[in-house]
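Subject: Structure handover

Hello,

Here is the structure, followed by notes on what was found in it. Please read the notes with the structure open.

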Amino acid sequence: MIPNILSIAGSDCSGGAGIQADIKAISANGGYAMSVLTALTAQNTRGVTAVSLCDTDMVAAQIAAIRDDIAIDAIKIGMLGDAAIIETVTKGIAGLACPVVLDPVMVAKGGDRLLRAPAVAALRDMLPLAGVITPNLPEAADLLGCAEAATTEEMIRQARALLALGPGAVLLKGGHLSGDRSPDLLLSPDVEAWFDGPRTATRNTHGTGCTFSSALATALGSGLAITEAADRAKRYISAAIAAADRLSVGTGHGPVHHFHFITGTDR
């Protein structure tokens, strides 16, 4: 069966990140994509120019409409915007017996902050709800209130600290490390595994976090174990980044190529 994957996130009108990237990644990985909008953003490859958060009643109504009619096989959570929306989403998905992937979206690719500091505490409280969280190194540092990891040893220490906050697993992305490799660390009470790959020389990396977490949620919703799901998601995002320069979208940080395999690139 094709898994039904629900993305709860903000909209990116340029199509590279947010709900739009989630729908593309879920579809590209064989899932049926559903969406709950938490925010509208005016943005492009050069940055975010406006953000309008959705009313919490509307967020709750969207979740309820899905739950009332459609089986949900996995949930991906992205941009939430503020503490009230975080609390609304937490209540809305309570009791669902499916994998939850939480991508702690805090800062856009161009540096624009998408989650204000007062809401970070609410996001920390949400971590035990997640089966796996997928922070990059700046997001991990933000959640922990510490300096950004600069080595794989520091990644291990920070992943352990994040795991202590309550999620089922941590998939800490090492794309911000220096060097020619991009190592990701999966840590749970039972697993410590690295997923490594070469760094692609491209500026077109808009939406990588959204895309990766959506691919992971789709793999988990398909019934894969966390280690196999992480490996599949890593291979998918690596190939999408490698093919990104085949697109011509904007003059800043362009998007990855979600459907790279359709035009001949290995999946």
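In α8, the buried residues are A229, A230, A233, K234, Y236, I237, A239, A240 and I241. Buried here means under 20% relative accessible area, exposed means over 50%, and partly exposed lies in between, with a 1.4 Å probe and protein chains only. Helices (H or I, at least four residues) and strands (E, at least two) are DSSP runs, numbered from the N terminus.

Before the rest, the conventions. This is a predicted model, in which local features need pLDDT of at least 70 and side-chain atom pairs count only at pLDDT 80 or more, while totals for chains, interfaces and linings use all residues. Residues are numbered from 1 along each chain as its sequence is written, and side-chain values use heavy atoms, with hydrogens and water left out.

Helix α8 again

Helix α8 covers residues 226–242. Its 17 residues should span 24 Å at 1.5 Å a residue, and the end C-alpha atoms are 24 Å apart, so expectation and model agree. The expected span of a helix is 1.5 Å times one less than its number of residues. The cover over the buried residues of α8 includes α1 (18–28), β7 (170–173), β8 (184–187), β9 (192–195) and α7 (208–221). Contact means heavy atoms within 4.5 Å.

Helix α7

Two residues of α7 were looked at, A215 and T218. A215 counts as buried because its relative accessibility is 1%. Not counting residues up to four places away in sequence, A215 touches A25, N29, A233 and Y236; A233 and Y236 are among the buried residues of α8. From A215 to I63, 152 residues away along the chain, the C-alpha separation is 21 Å.

T218 is also buried, with a relative accessible area of 1%. Its contacts, leaving aside neighbours within four places in sequence, are P3, I5, I26, N29, G30 and G31. N29 thus appears in the contacts of T218 and in those of A215.

Helix α6 and the loop after it

Helix α6 has twelve residues, 152–163, for which 1.5 Å a residue gives a span of 16 Å; its end C-alpha atoms are 16 Å apart, which agrees. M155, I156, Q158, A159, L162 and L163 are buried in α6. These buried residues pack against β6 (132–133), α5, β7, β8 and β9.

A169 sits in the loop between α6 and β7. At 4% relative accessibility, A169 is buried. Beyond its neighbours within four places in sequence, A169 is in contact with G131, V132, I133, L163, L186, L187 and S188. Its C-alpha lies 9.9 Å from that of L127, with the two positions 42 residues apart in sequence numbering.

Two other sites

C98 is in the loop between α3 (83–92) and β5 (100–102). Its relative accessibility is 14%, so C98 counts as buried. Apart from neighbours within four places in sequence, C98 is in contact with I72, D73, A74 and I75. C98 and I5 are 93 residues apart in sequence, with 9.9 Å from C-alpha to C-alpha.

D142 belongs to helix α5 (residues 137–144). With a relative accessible area of 23%, D142 is partly exposed. The C-alpha atoms of D142 and P104 are 9.8 Å apart, and the two residues are 38 apart along the chain.

Whole-protein values

The protein has eight helices and nine strands. Its radius of gyration is 17 Å, and a compact globule of 267 residues would have one near 18 Å, so the two agree. That radius is taken over C-alpha atoms, and the globule rule is 2.2 Å times the number of residues to the power 0.38. The C-alpha trace spans about 45 × 40 × 40 Å along the principal axes.

Of the 267 residues, 53% are buried. Among contacts with a separation of 6 or more, 66% are between residues 24 or more positions apart. The accessible surface is about 11200 Å², with 54% of it on carbon and sulfur atoms; areas come from the Shrake-Rupley method with a 1.4 Å probe, and for residues only the protein chains shown count as cover.

The 20 positive and 26 negative charges have mean positions 5 Å apart. Lys and Arg count as positive and Asp and Glu as negative, without His and the chain ends; each charge is placed at NZ of Lys, CZ of Arg, CG of Asp or CD of Glu.

Regards
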